[in-house]
Amino acid sequence: MLNCPENKGLESYMKNMKKRSTKNLKINTRIALTSVLAIVIPIIALLSFSPVLVNTISAYFNFSSVTTNTYSAINQMQWTQTLSSITDELISDNSDKQKLENITDFVAPLEDLKSLIYIEKGGEIFYETENAGNIPEKANTIIKTDFEKNLNYFSSDGLLIVNHTQKDEHAPQYTIVIVNFDYTVNDASQRLSAQELTGLLVGRTGIIVLVTVLLFVIAISVISFITSQTIVKPIKKISHGADEIAMGNLEYEIDYKSTNELGQTAKSFNDMRKKLKESIKKQNKSEEERKVLIAGIAHDLRTPLTSVKGYAEGLADGIADTPEKQKRYVKTICESISDMEKILDDLLTVSRLELSNYELNKTDVSVQEFFGDGAEEIKTFLDNADFDFEYENKCSDDTLICIDVDRFSRVINNIISNSIKYKKDHVKGKIKIVIDEYERSVIIEISDNGIGVDKNSLPKIFDAMYRTDPARTRVSQGSGLGLAVCKQIVELHSGSIWARSDEGKGLSIFISLPKKEVI
């Protein structure tokens, strides 16, 4: 049951979530966490290791009782600890009988080392070493003593300790006198004592200090290594990605996903790369369109210029030797000049619309008023071109759009003119305009029954100088700028334009404009 695929999948999911949450830690959080762990981990290690240290120290040093009659730093600590144990027992809540039993246990090791113990309670003898005689008098033989004061005397003449203790001001006072005539203090006792203490610090205590320091160093080193890996590694990825982008490799993506500062930086680099790539792509496309535009303009101007030049030379050379022929030559020259004017007018319009500071003269216009009045003019124009016309407006009477009337009229005229140019031979042309209203927009559909556009050419018909029939050379058949002008004007109105077509079944142009909200 534990090895079922569902449990494995859950385990894998939990591991991934844990890894992701760790990866998303912010840099400040990582640094703070590192500092805390660098302190906490060694402390936990020391606390865990402290019983071992205490047992080790206890095995090397026995401070609970005196073990020698030779002075040393350790021996002095042993006397201090032993005296403390005696005084603690004397001021305890035990009965005198229990106190005497315990005191006997405490002083037995001392008496084995020929120490004489004398304890008074409230001026009366409480305990004294058997057959020791008058211990206070013997104490005076070592050094003249004031038994009202505490004294710790270690010398080659002997050892003398006088100590007083009292539980509180109402309890009796205990006086403790310890004498030992078999006590040795070396000539260089102070120096030897210092050496012993130094040996203690440098030796076993030094080992403890060294272990503590090593624990801190190891903990800090490990945590710093882990933290550096989680910071330095993504920084290297970002640096490498920046180098790749700088060298022009815009396909390279920085592979680091996180919500922390480094993850956001990596995302910014990747976004910058994508925008830079898109910008270069648009720039290259714009440059290509500019080249096509220049080539198309040069081609389209060459034809009428050649015509003007040929007929002008014919007039100059006297080839047109009759008034009728001369009139025909002049008419052809005027038509060619008119064709060039159309090209230059469309080119000037495109250039103006591309300027960032170009402004439209927009006003709020009723859809019913704009298209209803214009429909009559369009019908008259199409009748002269032998075209049927159908108009359908599904908008309410109060539907408004904000447009530049002159510029948007040009859009409609360009689309209709384009439909006339691409009518089918031997089939009567037809143009239909349908206007639909939606919650936030108005969509205008202008469709015809012409030759249509193939699927490959359809996305390009709004590009400057693009013609579905590259073999067409007559400028009067279109400059190739009409639909490009439509696209720029519509986009300046915050709208969009697109086309749909089945080759051989006609073309439909759709225009979407934002609807003006009526307050």
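Is Lys267 buried or exposed? Select Lys267 and colour by accessibility: Lys267 is exposed, with a relative accessible area of 53%. Here, buried means under 20% relative accessible area, exposed means over 50%, and partly exposed lies in between, using a 1.4 Å probe and protein chains only.

Before moving on, a word on what is loaded. This is a predicted model, in which local features need pLDDT of at least 70 and side-chain atom pairs count only at pLDDT 80 or more, while totals for chains, interfaces and linings use all residues. Residues are numbered from 1 along each chain as its sequence is written, and side-chain values use heavy atoms, with hydrogens and water left out.

**Stop 1: helix α8**

Keep Lys267 on screen and add Asp271. The two form a salt bridge whose closest N and O atoms are 3.0 Å apart. A salt bridge is a side-chain nitrogen of Lys or Arg within 4 Å of a carboxyl oxygen of Asp or Glu. Both residues sit in helix α8 (residues 261-316), 4 residues apart, which is about one turn of the helix. Helices (H or I, at least four residues) and strands (E, at least two) are DSSP runs, numbered from the N terminus. Asp271 is partly exposed, at 27% relative accessible area. Across the whole structure, a search finds 11 salt bridges.

**Stop 2: the open sheet**

Now select residues 116-121, which are β1, and 174-180, which are β5, then add β2 (124-128) and β3 (151-155) and β4 (158-165). Together they make an open sheet of 5 strands in the order β2-β1-β5-β4-β3, with antiparallel pairing. Two strands pair if DSSP finds at least two bridges between them. β2 and β3 stand at the edges with a single partner strand each, so one side of each has no neighbour in the sheet. On average, neighbouring strands of this sheet are turned by 15° against each other, direction ignored.

Zoom in on β3 and β4, which pair in the antiparallel sense over 5 bridges. Label Tyr153 to find one of these: its bridge partner in β4 is Leu160.

Next, show the helices that meet the sheet. Helix α4 (residues 96-112) packs on the sheet and touches β1, β2 and β5, with its direction at about 50° to that of β2. Helix α5 (residues 135-142) lies across β1, β2, β3, β4 and β5, and runs at about 55° to β5. If you want to check these angles, axes are lines fitted to C-alpha atoms, for helices over the stretch in contact, and angles run from 0 to 180 degrees between N-to-C directions.

Which residues does Thr165 touch? Select Thr165 in β4 and expand the selection by contact, meaning heavy atoms within 4.5 Å. Not counting residues up to four places away in sequence, you will find Thr87, Leu90, Ile91, Pro172, Gln173 and Tyr174. Thr165 itself counts as buried, at 12% relative accessibility.

**Stop 3: β9, β10 and β12**

Move along to strand β10 (residues 441-448), where 6 of the 8 residues are buried. Strand β9 (residues 429-437) pairs with β10 in the antiparallel sense over 7 bridges, and the two form a hairpin with 3 residues between them. Glu437 has Val442 in β10 as its bridge partner. β10 also pairs with strand β12 (residues 507-516), again antiparallel and over 7 bridges; there, Ser447 has Ser508 as its bridge partner.

Stay with Glu437 and add Lys515: their salt bridge has its closest N and O atoms 3.1 Å apart. Lys515 lies in β12 and Glu437 in β9, so the pair ties together parts that are 78 residues apart in sequence. Lys515 is partly exposed at 22% relative accessibility, and Glu437 is partly exposed at 27%.

**Stop 4: a salt-bridge network**

Select Asp386, Asp388 and Lys428, which are linked in a network of salt bridges. Between Lys428 and Asp386, the closest N and O atoms are 3.9 Å apart. Lys428 counts as partly exposed at 46% relative accessibility, as does Asp386 at 47%.

**Last stop: the cores**

Finish with Phe408, Ile444, Ile461 and Ile511, which touch the most other members among the 39 residues of the largest nonpolar core. Such a core is a set of buried Ala, Val, Leu, Ile, Met, Phe, Trp, Tyr and Cys residues joined through side-chain atoms within 4.5 Å. A second, separate core has 21 residues, including Ile86, Val107, Ile119 and Phe126.
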